[in-house]
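Q: Hey, I'm new to this one. Could you walk me through it?

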Amino acid sequence: MIDNFQELGLNRELIQAVTELGFTKPTQVQEIVIPRQLETETDIVCLAQTGTGKTAAFGLPLIQDMDLDTAHTQALILCPTRELCRQISDDLNKYARFSKGFQLVSVYGGSSIELQIRSLRKGANVIVATPGRMVDLLDRKVADLSHVRRLVLDEADEMLNMGFKEELDTILSFCPANRRTLLFSATLPTEVEGIAKKYMYKPEVVTVGKRNQGADNVKHYYYMVQARDRYLALKRIVDYNPHIYGIVFCRTRQETQEIADSLIRDGYNAEALHGELSQTQRDWVMSRFRNKTLSLLVATDVAARGIDVNDLTHVINYNLPDEPEQYTHRSGRTGRADKTGVSIAIINTKEHSKIRQIEKIIGKTFAQAKVPTGKEVCSKQLFNLIDQIENTEVKDEINEYMSVVESKWAYLSKEEIIQRVLSIEFNRFLEYYKHAPDLNVPEPGTSSRSGKSSKGGEAAPAEKGFTWMELNIGTRKGITPRQIIRLMTACGVGKKGIGRIELYKEYTRLEVSSNVSQQIAKQLNGSSYRGKRLIAK
Ligand code: AMP
């Protein structure tokens, strides 16, 4: 195990730069890849996730290898997205801070090609490019790759997923045959193996961690709910994690926009990121997310590619991806740079097999988590509030007002003041979760804890002396627990005769005292409520 950067054979300028960045010891991929690049000439295929420190792994030796006295382009780095392109360029410029004369130009779509051409004409030791824009520049004959000695294909699987195979073929045909190639990929599908075979010379395959495995510091959980409760489960999970900073992955642009809109409407700090937004809108969302003004980014897979945020606490799969391999990319957005992270999948009862499929790919198991109950969310929020109050800075200036405040509150006890202060924030959670149903459904083959209807699996037994009853009206008809109680009162059943009430969109389940259940059914069946003929069974 290598403990510091000096041992890797890097020069003084680079060591100074990484030290100033606060890197104390090399990550696993750096430990493996850097010495191989400095000491040997072999091509490398490196299976490593984002967040493992791979940019420095290829970037540091690449900078050390540049002949800074010539303006020729000696290295080309290809990556799938504009965001990643910028991120790599920023990182490399930071690493080369003390390497005098280092010139890097990044070229990507969605930005002025004229400006990029001007920068290229001034000279670039290194070009960092997305494949489409690179081909465009080669067509215009403004980039010369004939002196390239080092080629890096970053996130090769993503480039191929995005359909850049033809562009890669074109670009690689412009690079000298005796160049050295490094390929980084999170997964090794046959298409990537094909590229390695075709364009690399006897590459050494290096795997950081287990092949295809998600980062070790990511924990994987799934929550099983009825498909119609997916959004409610998302809100509970978010409410249960007051400091969440994460990405909610959706399958389509439309779903992404809908979920983001619903979250915003419900008072969450969220925004959508998908392909239908303009580049300016996307940049605006991303800059707010990066500086943490925004805590939830609701995104499609394509839009989230190359997001360079390191300290995400959560990745939430609102819907699992169609391709199970894609889960690796999603979950790899958290648990980066030695931080821990949580990757969550909200699934319905039919999707259990997908979880097993993903487990095989990532080589890790998911733990089934319970969607927190309303009470659990409330107590989590309360303790968060208490912590917030405890950690609030108190400025001296407040002392000026204290005597007025004290005399105004003289009639309140300390306990009453605390209750009121907490209630300012806490009431909305209490109100919202007052009659919140249990959203969990049991795994197929296990017994229910939630007491949900047969639609979700076996129904739990009613409390002793009670019977479950189902009414064909639900929240879609504006039903609230209070209205159910009123309805029961009209049938001559008092509060003591009513147990748990579970509201769903189209129906309601409630426990009623066994000795009055027939009486209720008789009274309600056939009567109408808000224009709907009631069925009670
Ligand atoms: P990457 O996998 O290249 O996207 O790197 C992920 C993050 O880890 C980046 O923010 C780097 O700045 C950071 N990083 C890279 N190498 C190290 C290191 N040796 N020590 C601490 N952080 C690092």
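A: Sure, one term to begin with: a residue is near a molecule or strand if one of its heavy atoms lies within 4 Å of it. This is a predicted model, where local features need pLDDT of at least 70, side-chain atom pairs count only at pLDDT 80 or more, and totals for chains, interfaces and linings use all residues. Residues are numbered from 1 along each chain as its sequence is written, and side-chain values use heavy atoms, with hydrogens and water left out.

Q: Okay, which residues come nearest to the ligand?
A: There are 15 residues around the ligand, and Gln 30, Gly 51, Gly 53, Thr 55 and Asn 310 come nearest.

Q: And what classes of residue make up that shell?
A: Four are nonpolar, eight polar and three charged. Here Ala, Val, Leu, Ile, Met, Phe, Trp, Tyr, Cys and Pro count as nonpolar, Asp, Glu, Lys and Arg as charged, and the others, Gly among them, as polar.

Q: Which polar side-chain atom lies 2.7 Å from a ligand nitrogen?
A: That one belongs to Gln 30. A polar contact is a pair of N or O atoms within 3.5 Å; within protein, one must be able to donate a hydrogen and the other to accept it, and residues adjacent in sequence count only if both atoms are side-chain atoms. Lys 25 has a backbone N or O atom 3.0 Å from a nitrogen of the ligand, and a polar backbone atom of Thr 52 is 3.0 Å from a ligand oxygen. Taken alone, the ligand exposes 500 Å², and the protein buries 83% of that. Those areas come from the Shrake-Rupley method with a 1.4 Å probe; for residues, only the protein chains shown count as cover.

Q: Where does the ligand lie with respect to the domains?
A: Domain 1 (5-207) and domain 2 (222-372) both give residues to its shell, so the ligand lies between them. Domain bounds come from an automatic or database domain assignment, which also gives domain 3 (375-391 + 406-432) and domain 4 (466-533). The C-alpha centres of domains 1 and 3 are 53 Å apart.

Q: Switching topic, how many helices and strands does the protein have?
A: It has 20 helices and 19 strands. These are DSSP runs numbered from the N terminus, with helices being H or I of at least four residues and strands E of at least two.

Q: What about helix H10, is it mostly covered or mostly open?
A: Mostly covered: nine of the 11 residues in H10 (residues 230-240) are buried. Buried means under 20% relative accessible area, exposed over 50%, and partly exposed in between (1.4 Å probe, protein chains only). One of the buried ones is Arg 230, at 7% relative accessibility.

Q: What does the side chain of Arg 230 reach?
A: The backbone oxygen of Tyr 318, at 3.0 Å. The Arg 230 side chain also makes a polar contact with the side chain of Asn 319 (3.2 Å).

Q: Last thing, how many disulfides are there?
A: Zero, with a disulfide being a pair of cysteine sulfur atoms within 2.5 Å.

Q: Why does Cys 85 have no bond with Cys 79?
A: Because its sulfur is 4.2 Å from the one in Cys 79, the closest cysteine sulfur, which is too far for a bond. Cys 85 is buried, with a relative accessible area of 0%.

Q: And Cys 175?
A: For Cys 175 the closest cysteine sulfur is also in Cys 79, but 15 Å away, so that is too far for a bond. Cys 175 is buried, at 8% relative accessible area.
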